[in-house]
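The following exercises concern the sequence and structure shown below. Please work through each task before reading its solution.

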Amino acid sequence: MKVEDFNKTTEELKREYQKNDEQINISDERKRISSANQFEYKALTTIGFSLLPYLGLVILFGGLTKNGVISSLIGTIPVEVFPLIIAGGSLCVGTIGRKALEWRFKTKERLKAFTTANTQSEKLQEEVKYTVDLEKARNRNKAIQQAIDSLSSNQSILESLSSRYDIKDRTIPQTEEDAKKRAEDLSELLKDKHTELDILTTQKILHEKFWRVRTKGQKVMEISLMGMMGGLFAMTYGQMPLLIVSDYLAPSSSISIFVPFVGGIVGFSGYMLKRNKDYINAFNHLNNELSENALSDKIKNVYEEQQDIDAKIENKIREISMVEIQLQEQKRINEAFSTDSSKKEQTMESVVSKKHTVEETEKDTIFGHGQEELMPFMTEEILVGIEEEPQVEEKGPSLVLRKNK
């Protein structure tokens, strides 16, 4: 490939790469906005903002207990209320912090700007959809980068061995019609390969996001595990304030320590059931869009499915990079045909112009200076004879294409 053709090809590929980068930025933002408007994200954000004030209140009440302030309040305020004040107060601060964050970044307004999703399942579908779009653009850029790297490597080799090899001698001769047809075929093939890659990319994201709800044993295990973790968290969150006032608790009140634990198990398990239902609905909706390429509802082997999809994606990216290289080379060939045709037209126009100039010169010679007075006396037959005198046909230069030796 000529240096100018190589530079033009790489520039065109880099423009396509930049276009995909813009799509990546858009999809990434919409993915994050969809996630930020879901209940799970809001709950975690609230707890995160509440941890610091929670620890501050625990330390404050601990100091008040040592100073005897708490003991003076025990008679007017039940001792069990203090843990509620600490936990409830910190959660209120956390909620205010989350609301302020949502107001600062206008997450609700930004979500409404590109979707009408209202339910948790719909918001989850939006998150997954833009995750898929994000991954599609990334995979296309991987194929483009492979094509650029391959072209650069080949160009370096050709330049270093230019004294022994000439790529033009290796080009299969084509007519202009054949060149156009081949470019169309390669464009259609590249489009098909991109479609196949998009399908595999969608399968990959669906696998990564929903493999737990597609595995029956994993689904039950996850509900049980999250229920226990929720119970431990709730007990820790509620027990620490109780430890501060433990000296003021009646023996029968110690059972209240386990109330948060039980409440946490029930609450988190119920949430996981609802969450799994939303995930199943979102998976079924997105998976059905793949029609005959849809994944199975139940997964047999998580690792094998993931490895199979990843291997197919890598192979498809390599195929796309190879087709992209061939298409770019064919485009340069087609441009060469267009350039040759343009030059040929310019040459023919030049020949016609020169012929016209010669004819005008001949007429000027016949009817030139000193002959003007004869014009009124020349008969029509003489003029016709002059005009009909046969002209010697002049041929312009022909275009000869030779291979470089």
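The exercises treat a pocket, nonpolar cores, aromatic pairs and single residues in turn.

The model is predicted, so that local features need pLDDT of at least 70 and side-chain atom pairs count only at pLDDT 80 or more, while totals for chains, interfaces and linings use all residues. Residues are numbered from 1 along each chain as its sequence is written, and side-chain values use heavy atoms, with hydrogens and water left out.

**Exercise 1. The second largest pocket**

Task: Determine how much space lies in the second largest pocket, which helices each supply at least two residues of its lining, and how the lining residues divide by polarity.

Solution.
Step 1. A pocket is defined on a 1 Å grid over the protein atoms alone, as an open set of points where a 1.4 Å probe fits, with protein on both sides within 12 Å along at least five of seven lines; lining residues have an atom within 4 Å of a point. Grid points are joined across faces, edges and corners, and the volume is the space filled by probe spheres set on the points. The second largest pocket holds about 690 Å³ of space.
Step 2. It is lined by 23 residues, of which A43, L44, I47, F233 and F268 are the closest to its centre.
Step 3. Helices are DSSP runs (H or I, at least four residues), numbered from the N terminus. At least two lining residues come from each of α2 (39-66), α4 (81-105), α8 (216-244) and α9; α8 gives the largest share, eight residues.
Step 4. With Ala, Val, Leu, Ile, Met, Phe, Trp, Tyr, Cys and Pro counted as nonpolar, Asp, Glu, Lys and Arg as charged, and the others, Gly among them, as polar, the lining comprises 15 nonpolar, five polar and three charged residues.

**Exercise 2. Nonpolar cores**

Task: State how many residues the largest nonpolar core has and which helix gives the most to it.

Solution.
Step 1. A nonpolar core is a set of buried Ala, Val, Leu, Ile, Met, Phe, Trp, Tyr and Cys residues joined through side-chain atoms within 4.5 Å. Buried means under 20% relative accessible area, exposed over 50%, and partly exposed in between (1.4 Å probe, protein chains only).
Step 2. The largest core has 24 residues, and L124, V128, L206, F210 and I313 have the most contacts inside it.
Step 3. α6 (120-160), α7 (176-210), α9 and α10 (302-366) each supply at least two residues of this core, and α7 gives the most, with seven.
Step 4. Contact means heavy atoms within 4.5 Å. Residues up to four places away in sequence aside, F210 touches L124, V128, Y279, A282, F283 and L286.
Step 5. Another core, of eight residues, lies apart from the largest one; F6, A147, I148 and I325 are among its members.

**Exercise 3. Aromatic pairs**

Task: Classify the ring pair of F114 and Y130 and that of F233 and Y237.

Solution.
Step 1. Rings of Phe, Tyr and Trp (its six-membered ring) pair if their centres lie within 6.5 Å; planes under 30 degrees apart count as stacked, over 60 as edge-to-face and the rest as tilted. The whole structure contains six aromatic pairs.
Step 2. The ring centres of F114 and Y130 are 5.4 Å apart and the planes stand at 90°, so this pair is edge-to-face. F114 lies in the loop between α5 (107-112) and α6, and Y130 in helix α6, so the pair ties together parts that are 16 residues apart in sequence. Both F114 and Y130 are buried.
Step 3. For F233 and Y237 the centres are 5.5 Å apart and the planes at 35°, so this pair is tilted. Both residues belong to helix α8, four residues apart, about one turn of the helix.
Step 4. F233 is partly exposed, at 33% relative accessible area, whereas Y237 is buried, at 10%. Ring pairs join Y54, F233 and Y237 into a cluster.

**Exercise 4. Single residues**

Task: Decide whether S90 is buried or exposed, and find which residues V323 touches beyond four places in sequence.

Solution.
Step 1. S90 lies in helix α4 and is buried, because its relative accessibility is 0%. Outside its neighbours within four places in sequence, S90 is in contact with S50, P53, Y54, L57 and Y237.
Step 2. V323 lies in helix α10 and is buried, with a relative accessible area of 7%.
Step 3. Residues up to four places away in sequence aside, V323 touches L186, L189 and L190. The C-alpha atoms of V323 and L190 are 6.2 Å apart in space, although the two residues are 133 residues apart in sequence.
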